[in-house]
Each structure stands twice: as C-alpha cells, then as structure tokens.
Amino acid sequence: MGKFKMCVKCGYEYSNVYDRRFHAQPVACNDCGPEYSLAYGQEIFSGIEILFSTAAQLLDNGKILAVKGTGGYHLACNALDHEVVSRLRFLKNREAKPFAVMFASLEKLREFAFINLKEEELLTSWQRPVVLLKLKKSLPESVNDGLDTIGAMLPYMPFHYFLFEKLKTLSLFLPAEI
Ligand SMILES: [Zn+2]
C-alpha cells in the first residue's frame, strides 16, 4: 500500500479509524484505482488504446501473454494457432490435458460448438463458468488433444472485452492459470 498513491477521498477513508474502509487494502476508486500496463521487452505501455491494440497485435502475431488479474495470472494466446499452443504446452510442461478456451461472444462460440438452452444459461451467468461443449468445428489438436469437446467460457472482466474488441485475426484466446 505504501507505493499506491490514493486520492484525497480514499486517503481520508483509509486513514480514518471510524470509516469502514479504514486500513482496507482494496481501497481504490475511479480516480485512483489500479491501471492497466503492458510490459514487453524493455518497453512499458500504458493508456487503454495503445495498450490493448499492442496486446492484440502480439496475440495475433503468435505471442503468449501473461495476464495479471485479481485472481492471479492467466496465460493467453491464439487458440487457433497450433504452433503457439504447442509452445505454451512445452513451456507449461503440460502435455495433453485440454485447455479451456475463451470465446469473444456467444455468437462466436456457436460457430465452434453446439449449445443447448441450459448450457447457454450457464455460459452467460455472472459466474462465467467453464462449460464443456460438444464441438461443431474442430480446434487445433494442441488445444484439446483431438477430443470432440471443449471447455468453453465467455469474457468476464473488462480486460477481456477490451482485448476482444481489438483482436483481428480471430476472436478467441486461450487462458491457462499459472
Ligand atoms: Zn480514490
């Protein structure tokens, strides 16, 4: 918290023993909350527009991104690129266990998998679980070991929506926890 500069309002709440946000470490607001940044080689990108277009470009060009969120890191890459998924498997030392894939939208997902009403309900619920679906169209073998099912999910945080807006060559990527 020492390095995190709070705005006057948050600073007051954080230091006021009578406030319910007294010493609450997640204290933040739209003025002083956490911001996105992207580190690539020696460069650090900030600013939503440049950051997300750069991130999308990297993914579109077969790079793997480590995305730090509230629940730890996700590794992201283009799930339709067999080579990059294989590289991710090698780096993660994860030979065959299927990866879950995030799709830009229900419409995109429908191009790849069959979705019944119950599955649609689950996919779009606020918990955004991974739902096992029967594939319509095959994915690279490196993604699901050639199975005819896929663990699919939909975007669940602003980062995903910003990113999918910029991704050009395809609209899905592959998250794997580290
Ligand atoms: Zn604030």
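This briefing covers the overall build, salt bridges, surface and selected residues of one protein chain. The model is a predicted one. The chain has 178 residues, and 40% of them are buried. Its fold contains seven helices and ten strands. Seven salt bridges are present in the structure.

**Overall build**

- The C-alpha trace spans about 55 × 45 × 30 Å along its principal axes.
- Among contacts in the chain with a separation of 6 or more, 50% are between residues 24 or more positions apart.
- The exposed area of the protein chain is about 11200 Å². Carbon and sulfur atoms account for 54% of that area.
- The chain carries 21 positive and 20 negative charges, and the mean positions of the two sets lie 3 Å apart.

**Salt bridge between helix 2 and helix 7**

- Glu-49 and Lys-166 form a salt bridge through their side chains, with an N to O distance of 2.5 Å.
- Glu-49 belongs to helix 2 (residues 48-60) and Lys-166 to helix 7, so this pair ties together parts of the chain that are 117 residues apart in sequence.
- The two partners fall into separate accessibility classes: Glu-49 is exposed because its relative accessible area is 51%, where exposed means over 50%. Lys-166 has 25% relative accessibility and so counts as partly exposed.

**Salt bridge within helix 5**

- Lys-118 and Glu-121 are joined by a salt bridge whose closest N and O atoms are 3.5 Å apart.
- Both residues lie in helix 5 (residues 117-124), with a spacing of three residues, or about one turn of the helix.
- Lys-118 and Glu-121 are both exposed.

**Salt-bridge network around Glu-13**

- Arg-21 makes a salt bridge with Glu-13, and their closest N and O atoms are 2.2 Å apart.
- Glu-13 counts as buried because its relative accessibility is 13%, and the cut-off for buried is under 20%.
- Lys-9, Glu-13 and Arg-21 are joined into one network by salt bridges that share partners.

**Nonpolar surface patch**

- Val-17, Tyr-18 and Phe-22 make a nonpolar patch of about 370 Å² on the surface.
- Tyr-18, one of the patch residues, sits in the loop that runs between helix 1 (8-15) and strand 1 (37-40).
- The relative accessibility of Tyr-18 is 77%, so this residue counts as exposed.

**Residues that lie far apart in sequence**

- Lys-168 is placed in the loop between helix 7 (158-166) and strand 9 (172-173).
- With a relative accessible area of 72%, Lys-168 is exposed.
- Lys-168 and Gln-57 are separated by 111 residues in sequence, while their C-alpha atoms are 7.9 Å apart in space.
- Val-143 is part of helix 6 (residues 141-144). Its relative accessibility is 0%, so Val-143 counts as buried.
- Val-143 and Asp-81 are 62 residues apart along the chain, and 9.2 Å separates their C-alpha atoms.

**Backbone: positive phi outside glycine**

- Asn-93 is not a glycine, yet it has a positive phi of about 55°. This residue, Asn-93, is in the loop between helix 3 (82-92) and strand 5 (100-103).
- Asn-93 counts as exposed, at 68% relative accessibility.
- Asp-145 is also not a glycine and has a positive phi of about 60°. The loop between helix 6 and strand 8 (149-153) contains Asp-145.
- Asp-145 is partly exposed, with a relative accessible area of 43%.

Terms used: Residues are numbered from 1 along each chain as its sequence is written. This is a predicted model: local features need pLDDT of at least 70, side-chain atom pairs count only at pLDDT 80 or more; totals for chains, interfaces and linings use all residues. Side-chain values use heavy atoms; hydrogens and water are left out. Helices (H or I, at least four residues) and strands (E, at least two) are DSSP runs, numbered from the N terminus. Buried means under 20% relative accessible area, exposed over 50%, partly exposed in between (1.4 Å probe, protein chains only). Contact means heavy atoms within 4.5 Å. Accessible areas come from the Shrake-Rupley method with a 1.4 Å probe; for residues, only the protein chains shown count as cover. Lys and Arg count as positive and Asp and Glu as negative; His and the chain ends are not counted. The place of a charge is taken as NZ of Lys, CZ of Arg, CG of Asp or CD of Glu. Patches are made of residues with over 30% relative accessible area and no salt bridge: like charges are joined within 9 Å, nonpolar side chains (Val, Leu, Ile, Met, Phe, Trp, Tyr) within 5 Å. A salt bridge is a side-chain nitrogen of Lys or Arg within 4 Å of a carboxyl oxygen of Asp or Glu.
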